[in-house]
Amino acid sequence: MTAPVEIHGLTYAFGEGELRRPVLRDIALALQPGEIVLLTGPSGSGKTTLLTLIGALRAMQEGSCRVLGQELMGAGEAQRVALRRRIGFIFQQHNLLGYLTARQNVAMALELHPGLTEAGRLERATAMLEAVGLGDRGDSRPAQLSGGQRQRVAVARALAGDPGLILADEPTAALDRQSGGEVVRLLRDLARRRGVAILLVTHDPRILDLADRIISMEDGRIVPTKQAGAVPAL
Ligand SMILES: Nc1ncnc2c1ncn2[C@@H]1O[C@H](COP(=O)(O)OP(=O)(O)OP(=O)(O)O)[C@@H](O)[C@H]1O
Ligand SMILES: [Mg+2]
């Protein structure tokens, strides 16, 4: 199986002319199928920008970024839209629609899937909610669920369309320790079983032990990760 994500020499800047400010510098990164990689680093170091480039939510400027076999450098809007449908996104705010039930929110992610009827989508959504332990909450609206339950609906929604890759930006930021750990453990286990790679941005030291690998960013670059408890070199 090929790497779901392969990045070389990725550089990105915001602004034009004198206001141009580089925020990502010469990034190299590869994800393997089924692995969960946590991306940490100070605020403003470029984590979200990198995630949105990998997720084809913004256009590349320089370097190579191959995602699920699609080269994003030079890719047009139509190619990026098509690729986004093959990626499961989870954000800090769950982004569920308040006027839809949990089941309808998950089913919505399947709307663009060819060959599924409305009934088929709802059936698939119910199965996904069962997989995240919310089989009995399908008719609840987001406001009737706890923060952890809402993020589990977001996990179900992200996985419903059989994505090849999951991108998550601080999915536990609004959760307490226990529900944060549960959500990420659930996401990891479901993704691993399907061979889906996860790239997860987090400031949350409590979930670092769930990672296969931890990557750190500083000032737009990937830097060696400091190991907890490591003896500093003299
Ligand atoms: N749309 C934008 N226009 C201009 N500058 C931006 C834009 N988005 C982000 N930046 C700048 O790019 C840099 C990287 O931002 P980014 O959001 O990627 O950081 P981050 O590592 O995700 O930070 P945090 O941990 O606070 O979420 C920051 O200096 C930020 O101010
Ligand atoms: Mg961010």
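I will go through the two domains of this protein, the interface between them, and a set of paired strands. Keep in mind that this is a predicted model.

Let's start with the domains. The domain assignment splits the protein into domain 1, made of 1–86 + 163–226, and domain 2, covering 93–162. So you can see that domain 1 is written as two segments, with domain 2 lying between them in the numbering. The C-alpha centres of domain 1 and domain 2 are 23 Å apart.

Next, the interface. On one side, 12 residues of domain 1 make contact with 13 residues of domain 2. Interface size is often quoted as the accessible area that is lost when the parts come together. Here, about 1,200 Å² is buried between domain 1 and domain 2, and carbon and sulfur atoms give 73% of that. The biggest contribution on the domain 1 side comes from helix 6, residues 177–194, with 6 residues. Sorted by class, that side of domain 1 has 8 nonpolar, 2 polar and 2 charged residues. As for specific polar interactions, there are 0 salt bridges between the two domains, and 1 residue pair is in polar contact across the interface.

Now the strands. Strand 9, residues 213–218, pairs with strand 3, residues 36–40; they run parallel and are joined by 4 bridges. In that pairing, Leu39 sits opposite Ile215 of strand 9. Strand 9 also pairs with strand 10, residues 221–223, this time antiparallel, through 3 bridges. There, Glu218 is opposite Arg221 of strand 10.

Which residue in the turn of the strand 9 and strand 10 hairpin has a positive phi? That is Asp219, at about 50°, in a turn with 2 residues between the strands.

Notes. Residues numbered from 1 in each chain as written. Chains lettered and ligands numbered in written order. Predicted model: local features only at pLDDT ≥ 70, side-chain atom pairs only at ≥ 80, totals over all residues. Heavy atoms only, no water. Contact = heavy atoms within 4.5 Å. Buried area = accessible area lost by both parts, 1.4 Å probe. Salt bridge = Lys/Arg side-chain N within 4 Å of Asp/Glu carboxyl O. Polar contact = N/O pair within 3.5 Å; in protein donor to acceptor, adjacent residues only side chain to side chain. Nonpolar A, V, L, I, M, F, W, Y, C, P; charged D, E, K, R; others polar. Pairing = 2+ DSSP bridges.
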